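These are my notebook entries on a single chain, kept in the order in which I looked things up. I began with ring contacts and then turned to a helix.

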Amino acid sequence: MATFLHRIGRTAFRRRWLVVLLWALVLGAVGVAAANGSGPQTTNVTLPGTEAQRANDLLEKQFPAANADGANARVVLRAPGGEKIDSADNRAALKATLADVQKSSAHIAKVSDPFAAKAVSATGTTAYSQVTYSVPDTELTDRDHSGLDKALESGRDRGLTVEASGNALRPPEESHTAEVIGFALAAVILLITFGSLVAAGLPLVTALVGVAVSMAAITALSGPFELNSNASVLATMLGIAVGIDYALFIVSRYRSERAAGYDAEEAAARANGTAGSAVVFAGLTVVIALAGLAVVNLSILTAMGLAAAGAVAVAVLVAVTLMPALLGFAGERVVGRGRGRFVRRFLPGRAAASGPTSAASATGPTSAASATGPTSAASATGPTPTGPATGPARAGSPETGLAHRWIAYVLRKPAKVLVLAVLALGVIALPATRLELGLPDDGSKSASSTQRKAYDMLSQSFGPGFNGPLTVTVDNEDPAVARTGAAELGTSLKDLGDVAAVTPAVFNKAGDTALITVVPKSAPGSDATKELVGDIRSLADRTGADSGARALVTGTTALNIDVSDKFSKAIVPYLALVVGLAVLVLILVFRSVLVPLKAALGFLLSVLASLGAIVAVFQWGWLKDLIGLEQTGPLMSLMPILMVGIVFGLAMDYQVFLVTRMREAYVHGADARTAVADGFRHSATVVTVAALIMITVFAGFVGSDDAMIKALGFGLAVAVAFDAFVVRMTIVPAALALLGNRAWSLPGWLDRILPHVDIEGEKLARAEPVPPLPEQPGRRPAHGYSGRG
C-alpha cells in the first residue's frame, strides 16, 4: 500500500497540471449531470417488511384516489375573539380565503368546503379545509408556493387566524451557514497549527473540491435512485470534516519529510505513502461502516449511508491524488515560518532547533523507528545524512506541551485515570436509558412556523389525537367476508378506551377492501396512543381469526412503532457487523488481539455517551437555549443507528493515527510503556487538530432549523470530543500501559496466516530514495522549487 501510494504521490507531484485538469474535468462532468438531473430529492419514507407499510401498499393498490401522488395542504381557519366561524361575516371571509387558495395555483384539484365536510370544531370557532393538488410536491414551483402564502395572508387580512400544514407548503430554504461556519473555524485552527496561509489553505481547497464533486453526484443521482433530502446534508457534513482532516494528515507529514531533509518531490511522495496509507485505511473503515447501514433494509437510511460513504470515498481520492499535485504548486510556502502560539503552548513541543516543521512530525504513522523519530529515516536513506541530531527531535528530547504533561500523568496513574474516564462516560451515558424515538411531524417543528401553529390549533379545537389519526384496513378476496370483518371490527373499536371517534367503513369499488379511520383521544406521540395501536392490532388479529378478514393498522404512530421495532431488531446485527469488522481489520493492522478489543469497547463508550448527551439536551431540554432548541421531544428513530455507523468510522480514524505510532515504537525495540509515551507525543498534535476541526464542522450544523440535522450535528460533535479526548487520548494509553507487553501479543498460528499490511510505510524506510527525473522542457526543478506555476 505504502509503495503504491508513494508512486501515486510522485506522479501527481510531477504531473500536477494533468492531475488538476483531470479533477476539473470530473467536477465539470458531474456538474453537467447534476444540472440535467431527472428529478429532485424525495421526502418519502418507506418501511419494507412492516405492518404499517403493508397497509400503505394495500391502500395504494385498492384506494388509488385516496393515495394519489398529488401534494396536499390543510388550511386551518379560526374566527377572531372567540366568535363563531359560521357567522355571516366570518363565513364570507372563509369562503373568500378558500377562493383565493383555489386560484393560487393551476395545479390545485380540489378545495373542500368545511361546512359541507363537517370539518368544524364542536365549539364552532375553528374549521379546516383539505386542499389537494394534481401534481406531486416535488413538482410545485416557487410561484405555486408564493400563491398559497398570499392566499393565507389574505385570510389574515380579513380578520381570521389562518395557518396551514402539508407537503404543498414552501419547503424551508436551504441554508449554507453551517458549512460556512465550519470552514471558517477550521481555517482558523489550521492557520494556528501550521503558521502558514498556504499550508492551512490546501486542506480547505481539497475539501471544497471533494464536497463539490460529491454534492453534484448526489444531485444527479437523486432522481433515479430517490435519494432522501437529508442524504445530501449528511454527505456534506462528513465530506467537509473528513476532507479537511485527511488532507491535514498528508500536509503535516509532508512538512515532517521536508524537515528530515527530503526535497519537495520526494517529501510529497513519502507523505502520500505513509500518511496517505493511513488515510486510505481510515477512509475505508468509514465507508464500510456507512455502507453497512443497508443491512437495516430501510430505504432512507440506506440512501443516507451510501451518499455519505460516497462523499468519504471522494475525500480519500482527492487527498491522495490532488493534494500531492497542489503541494507541487505550493513549494516552500507550505513549510511556513513557525509554529503557532497555540501549538507551542498546548500541543507537543520540540526543541528550538527543530524549527517550524517540528509540529508536522507528530503526524501519526511514520516510516521511521520511533526510537529516533523521522530523522532516523532521513539519515538512513535521505539526501542529508546528518544523523539523528538534526530535524525533528528524537524521543526523549525536551517536551513542554500540555500533551507531554498529560501522557506523563496518565502513565504515572493509569488505573486511576482509566477508572475515572470510564465512570465519567458511564455517567454521561445514563440518560440514554430513557431514549425515546419517533418520526418527525408538525408538532416537532419550530413554534413560529405555520405548520406548528396549524398543528396546535387542530389539537386545541378537535382534540390531541386529531393530528395523528390511525388508519385500519380490512380486506379479503370475498367481499362478503370483508364486509363482515369490517362491521365486527368497527363495532369493537368504539369500545376501546382511548378512542375519540371511529368513522364508518369505506369500501373500494370491488368491495373487497375497507378503510376505517380511528381518531385517538391522546396526542400522537403519547404512550396512551402507542398502547392503543397495540390494542387495535390485537383486536384485529382476533377479528381476523373469527371472520377470516385481514386487518392492518397504519398511520404516523403505527409507523413510529414499526420503525422502533425494526431498529431494535437491526441494531444488534449491525453492531456485530461493524464491531466484528473493526476487530478483524485492527488485528490485521496492529497484529494484536487486545488492542482491537479495547478499541471496540472504547467506541461503544463514545456512542453511548453521545446518545446520553443528546437525550439530556433534546428530550429533557438541558442547556437547550444555548443551541437555540425551541422544541424538545423524541429523537428521530434512525438517529441511534446512524450515530453508530458514523461514530464507528470516525473513531477508527483516531485509533489508527494514534495507536499505529505506538506500535511502531514497540516493534522497533521500545518497552511497552515507553512505546505508549513516544507514540502519544508524536501523534497527539494531529489527532487533537483533526478532532477540533471535526468538532467545529459538526457543531456548525447545530444552527440548522431541521431538528434531525441539529441533533445529528450536536451528537457527532460531542461524540468526536468524547472519542478523541477521553477514549483515544486517555483510556487508550492508560489501558495499554496496564496491559504492557500483552497488548501487542498475537498467537503464533494467527501471526503466520495474517498478511502483512505496510500501513506505517516500513518498506519506504528501508528503500533508497528515487532520484529525480531528468529535466524536461517546460518542467521546473523539484528540489528547491519556487512554487510558482
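Entry 1, charges over rings. Working from a predicted model, I looked up Arg74 and found that its charged end sits over the ring of Tyr128, 5.1 Å from the ring centre. I then noted that Tyr128 also belongs to an aromatic cluster, which it forms with Phe462 and Phe466. A further case of a charge over a ring involves Arg16, whose charged end lies over the ring of Phe13 at 5.2 Å from its centre.

Entry 2, aromatic pairs. I searched the whole structure for aromatic pairs, and the search returned nine. One of these that I wrote down is Trp17 with Phe329, an edge-to-face pair with 4.8 Å from centre to centre and 80° between the planes. Trp17 lies in helix α2 (residues 16–35) and Phe329 in helix α10 (residues 299–330), so this pair ties together parts of the chain that are 312 residues apart in sequence.

I wanted to know whether each partner is buried or exposed. Trp17 has a relative accessibility of 57% and therefore counts as exposed, the cut-off for that being over 50%. Phe329, in contrast, is buried, because its relative accessible area is 16% and the limit is under 20%.

Entry 3, a second pair. I next looked up Phe603 and Phe648, which also form an edge-to-face pair, with 5.4 Å between the centres and 75° between the planes. Phe603 is in helix α19 (residues 594–619) and Phe648 in helix α20, so that the pair links distant parts of the chain, 45 residues apart. Phe603 counts as buried because its relative accessibility is 1%, and Phe648 counts as buried as well, at 2%.

Entry 4, helix α20. Since Phe648 had led me to α20, I checked how far that helix extends. Which span should its 29 residues, 639–667, have at 1.5 Å a residue? The expected value is 42 Å, and the end C-alpha atoms of α20 are 41 Å apart, which agrees. I also recorded a kink of about 25° in α20, centred on Val659.

As for its surroundings, α20 is mostly covered, with 27 of its 29 residues buried; Phe648, at 2% relative accessibility, is itself buried. Just after the helix I noted Gly669, which takes a positive phi of about 110°.

Definitions and conventions:
Residues are numbered from 1 along each chain as its sequence is written. This is a predicted model: local features need pLDDT of at least 70, side-chain atom pairs count only at pLDDT 80 or more; totals for chains, interfaces and linings use all residues. Side-chain values use heavy atoms; hydrogens and water are left out. Helices (H or I, at least four residues) and strands (E, at least two) are DSSP runs, numbered from the N terminus. The expected span of a helix is 1.5 Å times one less than its number of residues. The bend at a residue is the angle between axes fitted to the seven residues ending there and the seven starting there. Buried means under 20% relative accessible area, exposed over 50%, partly exposed in between (1.4 Å probe, protein chains only). Rings of Phe, Tyr and Trp (its six-membered ring) pair if their centres lie within 6.5 Å; planes under 30 degrees apart count as stacked, over 60 as edge-to-face and the rest as tilted. A charge sits over a ring if NZ of Lys or CZ of Arg is within 6 Å of the ring centre and within 35 degrees of the ring normal.
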